[in-house]
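User: Hi! Could you take a close look at one part of this model for me, the part with the salt bridges and the helices that carry them?

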Amino acid sequence: MKQDSNNKNGTPQIHVPWYGYVAFLMAVLMFSGIFSSADGPLKVLDFNVLAGSFGNITGEQATNFRGIGGNGAKDGFMFALTLIPAVILALGLVNVIDGLGGLRAAEKLMTPILEPLLGVPGVTALANIANLQSTDAAAGMIKELVDNGKLTDKERSIVITYQTSGSAGLTNYFSSGAATFAILGTPIIVPLLVILVFKIVGANLMRLYLKMFCKD
């Protein structure tokens, strides 16, 4: 992979191999949920399908390994265990994509869009897209970006605000929200667009707060 260089005016120029763009495109499709309802082999391209699910313990009342009626720290620990596979899978995929140049492609392609829209670099694009499907996976991806020095504290705060509002919006909307589809007075896409718009509004409110009160 070519190293970055500066153009004539001193601006860093990002070099991305062709397969970096392919890796970024595949990552966007995988984390976007487009293939979640696909039939046949294409379904394996969806992140949640790859993450899978725990089996049920059969009996008089089938349940998963968390059981039912748990509470307190012990139930919280069991819940945390359910998050680990998805986080590990997401971070593994991101490292593969990064190795292929996918994150550099995201930075080059998405920065002109995300900087004016949210005030964050394009390297956050995959985490923001993943947030539409998975709360924990997207949070883990942002932590890795921060640990690698690719995000400042202010940028992290903006992205976290974006992710917290309507987190895992696609997954929750088309699962739990499906129960209301029959009585909606608007097209199904409208509430989803409202969720997406207010994610952006919330992020920009945080952006405004940081600009006004956090000068350092």
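Analyst: Happy to; here is a walk through the salt bridges and then the helix packing around them. This is a predicted model, in which local features need pLDDT of at least 70 and side-chain atom pairs count only at pLDDT 80 or more, while totals for chains, interfaces and linings use all residues. Residues are numbered from 1 along each chain as its sequence is written, and side-chain values use heavy atoms, with hydrogens and water left out.

The structure holds 3 salt bridges, a salt bridge being a side-chain nitrogen of Lys or Arg within 4 Å of a carboxyl oxygen of Asp or Glu. One of them joins the side chains of D98 and K150 at 3.7 Å, N to O. This pair links distant parts of the chain, 52 residues apart: D98 sits in helix α3 and K150 in the loop between α6 and α7. Helices here are DSSP runs (H or I, at least four residues), numbered from the N terminus. D98 is partly exposed at 27% relative accessibility, and K150 is partly exposed too, at 34%. For these words, buried means under 20% relative accessible area, exposed over 50%, and partly exposed in between (1.4 Å probe, protein chains only). In that loop you will also find G149, which is exposed with a relative accessible area of 61%.

Within helix α6, K143 and D147 meet in a salt bridge of 2.8 Å, N to O. They lie 4 residues apart, about one turn of the helix. K143 is exposed at 52%, and D147 is exposed at 54%.

Helix α7 has its own pair, R156 and D153, at 3.0 Å, N to O. Here the spacing is 3 residues, again about one turn of the helix. R156 is partly exposed, with a relative accessible area of 31%.

Now for the packing. Helix α3 (residues 72-99) and helix α6 (residues 135-147) pack at an angle of about 45 degrees, with their axes 8 Å apart. Axes are lines fitted to C-alpha atoms, for helices over the stretch in contact, and angles run from 0 to 180 degrees between N-to-C directions. α3 and α6 are therefore oblique to each other. Helix α7 (residues 153-164) packs with α9 at about 150 degrees, with the axes 7 Å apart. That makes α7 roughly antiparallel to α9. As cut-offs, angles under 35 degrees count as roughly parallel, over 145 as roughly antiparallel, 65 to 115 as roughly perpendicular and the rest as oblique.

Technical notes:
Helix = DSSP H or I, 4+ residues; strand = E, 2+ residues; numbered from the N terminus.
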